[in-house]
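Colleague: I am new to this structure and would be grateful for a close look at one part of it, the salt bridges, followed by an account of the packing around them. Please take me through it step by step.

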Amino acid sequence: MRNKRLLLARLLSWALWGLAALAGLSVLAAGGGYLWLRGSLPETQGTVSAAGLTAPAEILRDDEGMVTIRADNETDAAFALGFAHAQDRLWQMDFTRRGGAGRVAEVVGARALPFDRFMRTLGLYRTAEANLVGLPDQTRAVVDAYTAGVNTVISQRQGPLPLEFQILRYEPEPWRPADSLVWGRLMALQLSGNWHDEILRARLAKRLTAAQIGFLWPAYPQDAPTTIEDRTDAAGGISLERLAGLLPWDLAPKDASNAWVLDGARTKSGAPILANDPHLALGAPGYWYLARIETPKRTLSGATAPGLPFMMLGQNGRVAWGFTTAHSDTQDLFIERTLKNDPSRYETPDGPREFVTRQEIILVKDQAPETWTVRETRHGPVLSDALQDQVNDDGTVLALAWPALRADDRTAAAFHGMNRARDTGEFLTALQDFHSPHQNIVFADTRGRIGFAAPGRVPIRENGDGRRPVPGWSGDYDWRGEISFADLPQASDPAAGSFISANNKIVPESYRYLLTADWQAPYRAQRIDTLLNGTAKTGWTIEGTMAAQLDIASPAAHALLPLLLSTPVTSKRGAEALAILRAWDGRMERDAAAPLILYAWAGSLTRRLMADEIGPAFDKFRKPKLALLTAILRDAPVWCDDVNSDTVETCPAQAAAALETALAELDRRFGRPLDQLRWGEAHRARFAHPILDQVPLADMLFGYGIETSGGTYTLNRGAAAYGTDPERRFENIHGPGYRAIYDLGDPNNSRFMIATGQSGNPLSPWYGNLAERWRDGQYLKLVGPKTGTTRRLRLTPR
């Protein structure tokens, strides 16, 4: 027996030693893998010999990863920028071009096929290739030099590729010039959302009256700011819901951005100040890459976009500029009717026509390629084909008309001209080539002039207002041209000394053309107007402008609260919630309880008031719109009645019941007294990576998020999510990934910040290193690296 116990002890000991050894080997393997992957980080010092340069150039990085490029000419500067982008963001660049080309399934498999079919149907990459042909020689030279810089990194790398390539098991192809231009087509897609609204209205038409649908898109208030002052049937059997869902959230249409400019009469320095913070989906890596680019002719500083050779948002030492989305209606869905006896043709006012067709071969990881047939009509690509419904039950298909698909788009040339402009006059000239997407641009120069323009191709419709899909066979709704550049909204040096652009209405009622039938709610524009034209109309400084950009007062909450505070509550917790809201100042502070209570209540109330009428399309209205709730409670109590019940529900009763539901949900989720709730605990900006976030452990190792202030309607915007997962509600998913304030009196005093970091490599110290500083309202200057902290990489011609 004793020998058996000894033997058992020895076996157990050996087993424990074996497990310990295995664990040790796993740690060593993990450590070795980590050390190996660190080889994917870029060389930031030394010398690299490269073909494509005409003279030596330098890439300098400071301790924050901020890049300064020094070159003798703009093509060598573009080469160096392409080199730096590829060093820090190669996988992001590759995945973006794959998205634009409809080639995602090649590396992730069949789950990306619906997306790839849709992108091949749109033909964005074909458009980018066509746009490339029409570029001026000087612009093409810049694009080609950038391409050479990217390809130098791809071809001359010594270490392993970044982690994402390892996970997906593929290598990047050489960069092509069209890869740069497709970025602009993808951005145009994201910033042109009318086709989504047309589909939503068509879905709602099956349940709601025209008056009800009109109420859901309220008219623009008559007293709200404008940027420039005064001087048919739904598509048959097509699955509209499926069609609207083909785009992933990151590329689906979204709204918001802020920009304003003050002339020298309103600033302390006597020189213009321009502020801009474009709002896009928050994620990692972010959209923007900060850079300072020095050549003998100019110094550019601001936000570049990995994949593009131009300064997208910034200044060039003489002119500064900023963007917001115009939210004009530049897209129409046409219902095309095929011939009953010949589905290869469709009806037109001039008789039947053949569809223009092409074959697309979609490669799919781990399975056979798919051959995809794309059809086009005289209006544009047949989007409904992306659903694999070549002909619907009623013989109709949906085609998209959109100027951004035109082969002669010269927006890349416009950016090149903007980067080179020496004053506002030359800047305006460059904007004549800005074709898509339709944007609001504020600008200023060092001579003291300020301006606003909204360049882009905007259609002139024969009939209709662009709100619904329309028959394509009659010609009654065809476009009869585009608004000329001279007739597009633009102005300079106004008497007020300022321009404000926050996705608000940009033209007075007297403007002769239809830009859109639906303008965004003016809350942010009203708040900017209050700050700029209140007690402090003059004497503005960079620091004061920073404070305005970070403002978290919510005008929408201020408008809604009085209507909610009269709610008759019967529970102790309900009374406590009202007391907290009554004492609240309307600021969306991350440490405050009131914003969380308000948004939870608004979400619950939205469901009670609207889900019964809207039905299956309620998923598009699930996220509470405070402006819409205000309008219902103030002007349209008919929405408070539940159409599915036999009784007549009142707004106060619905608000009381919604409050109790919201408080129960908050108690289940957070489990603490109401006064101990914190908005920031729910309103976290979660910088999710599109691949690593889906890999077990990788999301824990490399994912990051921070508590944030702000809300959907604040200047410091943080759009609150409200999906089906209650644990993720109120996350900050959309906001100012880039902030900039430009000092036209001293460009080196301008301030910048991005939401994440310069690097897209999760192993880099510059991956996410700026997130907390961005959240806390800090800024950087792009003045070049300080002596002694510089990492200098010298590029020399081979």
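Modeller: R457 forms a salt bridge with E482, and the closest N and O atoms of the two side chains are 3.8 Å apart. R457 is placed in the loop between β17 (450-453) and β18 (459-461), while E482 belongs to strand β20 (residues 479-482), so this pair ties together parts that are 25 residues apart in sequence. R457 counts as buried, at 11% relative accessibility, whereas E482, at 29%, counts as partly exposed. The model is a predicted one, and the values that follow are to be read in that light.

This pair is one of 54 salt bridges in the structure. Another joins R70 to E294, with 3.0 Å between the closest N and O atoms. Here R70 is partly exposed, because its relative accessibility is 30%, and E294 is buried, at 17%.

A further example lies within a helix. The side chains of D94 and R97 meet in a salt bridge of 2.8 Å, N to O. The two residues are 3 apart in helix α2, which means that about one helical turn separates them. An α-helix has 3.6 residues a turn, so residues three or four places apart point the same way. D94 is buried, with 2% relative accessibility, and R97 is buried as well, with a relative accessible area of 7%. Both residues also take part in a network of salt bridges that links D94, R97, R98, R103, E106, E173 and D179.

Helix α2 also leads to the nonpolar interior. The largest nonpolar core has 147 residues, and W288, W321, F687 and Y738 have the most contacts inside it. Helix α2 (residues 74-101) gives the most to this core, namely 13 residues. A second core, separate from that one, has 62 residues, L200, W584, A611 and I632 among them.

Helix α2 is, in addition, one of the elements against which the buried residues of α5 pack; the others are α4 (113-122), α6 (137-156) and α8 (177-190). In helix α5 (residues 124-133), the buried residues are L124, Y125, T127, A128, N131 and L132. These residues lie on the same side of α5, because they cover an arc of only 155° around the axis.

Helix α16 (residues 555-564) may be described in a similar manner. Its buried residues are A556, A557, L560, L561 and L564. Viewed down the axis of α16, they fall within an arc of 120°, so they line one face of the helix. The face turned away from this buried side carries H558 and P562, which are exposed. The cover over the buried residues of α16 includes α14 (523-532), α17 (572-582), α18 (594-614) and α19 (626-635).

Finally, there is a nonpolar group at the surface. L697, M700 and L701 make a nonpolar surface patch of about 390 Å². L701 lies in helix α22 (residues 698-702). This residue is classed as exposed because its relative accessible area is 63%, and the cut-off for that class is over 50%.

To return to the starting point, the R457 and E482 pair has one buried partner, R457, and one partly exposed partner, E482. In the D94 and R97 pair, by contrast, D94 is buried and R97 is buried too.

Terms used
Residues are numbered from 1 along each chain as its sequence is written. This is a predicted model: local features need pLDDT of at least 70, side-chain atom pairs count only at pLDDT 80 or more; totals for chains, interfaces and linings use all residues. Side-chain values use heavy atoms; hydrogens and water are left out. Patches are made of residues with over 30% relative accessible area and no salt bridge: like charges are joined within 9 Å, nonpolar side chains (Val, Leu, Ile, Met, Phe, Trp, Tyr) within 5 Å. Accessible areas come from the Shrake-Rupley method with a 1.4 Å probe; for residues, only the protein chains shown count as cover. A salt bridge is a side-chain nitrogen of Lys or Arg within 4 Å of a carboxyl oxygen of Asp or Glu. Helices (H or I, at least four residues) and strands (E, at least two) are DSSP runs, numbered from the N terminus. Buried means under 20% relative accessible area, exposed over 50%, partly exposed in between (1.4 Å probe, protein chains only). A nonpolar core is a set of buried Ala, Val, Leu, Ile, Met, Phe, Trp, Tyr and Cys residues joined through side-chain atoms within 4.5 Å. The arc is that of the directions from the helix axis to the C-beta atoms. Contact means heavy atoms within 4.5 Å.
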